Amino acid sequence: MFTLFHHPFCPRSRFVRLALGEHGLDTRLVEELVWDRREAFLALNPAGDTPVLIAEGTPAMPGAGLAAEFLDEIHGAPLADHRLLPRAMNDRIEVRRLMSWFNDKFFEEASNPLVSERIYKRFMKPEHGGGPPSTDVLRAAKANVRYHLAYIGWLARTRNFLAGDQLTYADLAAAAHLSALDYLGDVPWNEDDAAKAWYVRIKSRPSFRPLLSEWMAGVPASAHYVDLDF
């Protein structure tokens, strides 16, 4: 049994949830409001952010990349040709490169600013940074979504999946971040048909269903959030 400290709309947490789902692993979810700075949580991850994965007999594993590497080491081999971090070295490098692209670059430039401004700040006290969203931050992040979506579309047009011929962590990372923004209606799907078609494929996987059941009080989902054929 795994325990995952997460926030339902933390894009990196969503990535780890998809990875756990693809491996078929039972997980206890613990919602963490990182802005509360709980001492017990900071003891697990002094950086104070989500996700943090815990498995029996192991130290706490903070961060999406560390969790993904652990899952591959312990549970990757039984997936054989469907391993989410492929066996071939060049393929593994490309998957890791794209994981970093989405979990670091896309997160900093687009998904985290939008989720923070439109969701987190609603529930944060003013002294913790809560309040109305910044229009300048929203404008810049939405502009960044466009070029990331174009990059995803280019990858989807040139490969079967984003990193190559099979589903990998790269697809899960990109889809996890887009899913949070899709809930908010901040993905301009009409600008790239290839990216949209790829996302529909990933979104239809069983591992995605728990994410699509997430709802945030006071923050309505976009019209096509749960539409698998939008």
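In helix α1 of this predicted model, the buried residues are P11, R12, S13, R14, F15, V16, R17, L18, A19, L20 and E22. The helix is thus described as mostly covered, with eleven of its twelve residues buried. Its geometry can be checked against an ideal rise: at 1.5 Å a residue, the twelve residues of α1, numbered 11-22, should span 16 Å, and because the end C-alpha atoms lie 17 Å apart, the model agrees with that expectation. After the helix comes G24, a residue with a positive phi near 70 degrees.

**Helix pairs**

One partner of α1 is α6, whose residues are 169-184. The axes of these two helices come within 8 Å and cross at roughly 135 degrees, and they are therefore oblique to each other, since this angle falls outside the ranges of 65 to 115 degrees and over 145 degrees. The side of α1 that takes part in the contact consists of P11, R12, R14, F15, L18, A19 and E22, while α6 contributes Y169, L172, A173, A176, H177, S179 and A180. The crossing of α1 and α6 is right-handed.

A second pair is formed by α4 and α5, with axes that come within 9 Å and cross at roughly 150 degrees, which makes α4 roughly antiparallel to α5. Their crossing is left-handed. Many residues meet here: R97, L98, W101, F102, K105, F106, E109, A110, P113, L114, E117 and R118 on α4 face V137, L138, A141, K142, N144, V145, Y147, H148, Y151, I152 and L155 on α5.

Helix α5 (residues 135-158) also packs with α7 (residues 193-203), at an angle of about 75 degrees and with the axes 7 Å apart; the two are therefore roughly perpendicular. In that contact α5 supplies L149, I152, G153, A156 and R157, and α7 supplies A194, A195 and W198.

The three pairs are set out together below.

| Helix pair | Axis distance | Angle |
|---|---|---|
| α1 and α6 | within 8 Å | roughly 135 degrees |
| α4 and α5 | within 9 Å | roughly 150 degrees |
| α5 and α7 | 7 Å | about 75 degrees |

**Two residues of α6**

H177 is found in α6 and counts as buried because its relative accessibility is 0%. Leaving aside residues up to four places away in sequence, H177 touches P11, R12, F102, N103, F106, F107 and S111. With S111 the contact is also polar, the two side chains being joined at 2.8 Å.

Y183 lies in the same helix, α6, and it too is counted as buried, because its relative accessibility is 0%. With residues up to four places away in sequence again set aside, its contacts are F9, E214, W215, M216, V219, P220, A221, S222 and Y225. Among these, M216 offers its backbone nitrogen, which the side chain of Y183 reaches at 2.9 Å. P220, by contrast, illustrates the separation along the chain: Y183 and P220 are 37 residues apart in sequence, yet their C-alpha atoms are 7.9 Å apart in space.

**The surroundings of α7**

The buried residues of α7 are A194, A195, W198, Y199, V200, I202 and K203, and what covers them includes α5, α6 and α8, the last of these at residues 209-212. At the start of α7, a side-chain oxygen of D192 reaches to within 3.2 Å of the backbone nitrogen of A194.

**Backbone features in the loops**

Most residues other than glycine have a negative phi, and most peptide bonds are trans. Against that background, three places in the loops deserve attention. R37, in the loop between β2 (27-31) and α2, has a positive phi near 55 degrees although it is not a glycine, and R37 is partly exposed, with a relative accessible area of 47%. A80, in the loop between α3 (64-75) and α4 (89-123), likewise has a positive phi, near 50 degrees, in a residue other than glycine; at 33% relative accessibility, A80 counts as partly exposed. The third place is the peptide bond joining T50 and P51, which is cis, with omega about 5 degrees; P51 is situated in the loop between α2 (39-44) and β3 (52-55).

Definitions and conventions
Residues numbered from 1 in each chain as written. Predicted model: local features only at pLDDT ≥ 70, side-chain atom pairs only at ≥ 80, totals over all residues. Heavy atoms only, no water. Helix = DSSP H or I, 4+ residues; strand = E, 2+ residues; numbered from the N terminus. Expected span 1.5 Å × (residues − 1). Buried < 20%, exposed > 50% of the residue type's maximum accessible area, 1.4 Å probe, protein only. Polar contact = N/O pair within 3.5 Å; in protein donor to acceptor, adjacent residues only side chain to side chain. Contact = heavy atoms within 4.5 Å. Axes fitted to C-alpha atoms, helices over the stretch in contact; angles between N-to-C directions. Parallel < 35°, antiparallel > 145°, perpendicular 65-115°, else oblique. Left-handed = near helix turned anticlockwise from the far one by under 90°.
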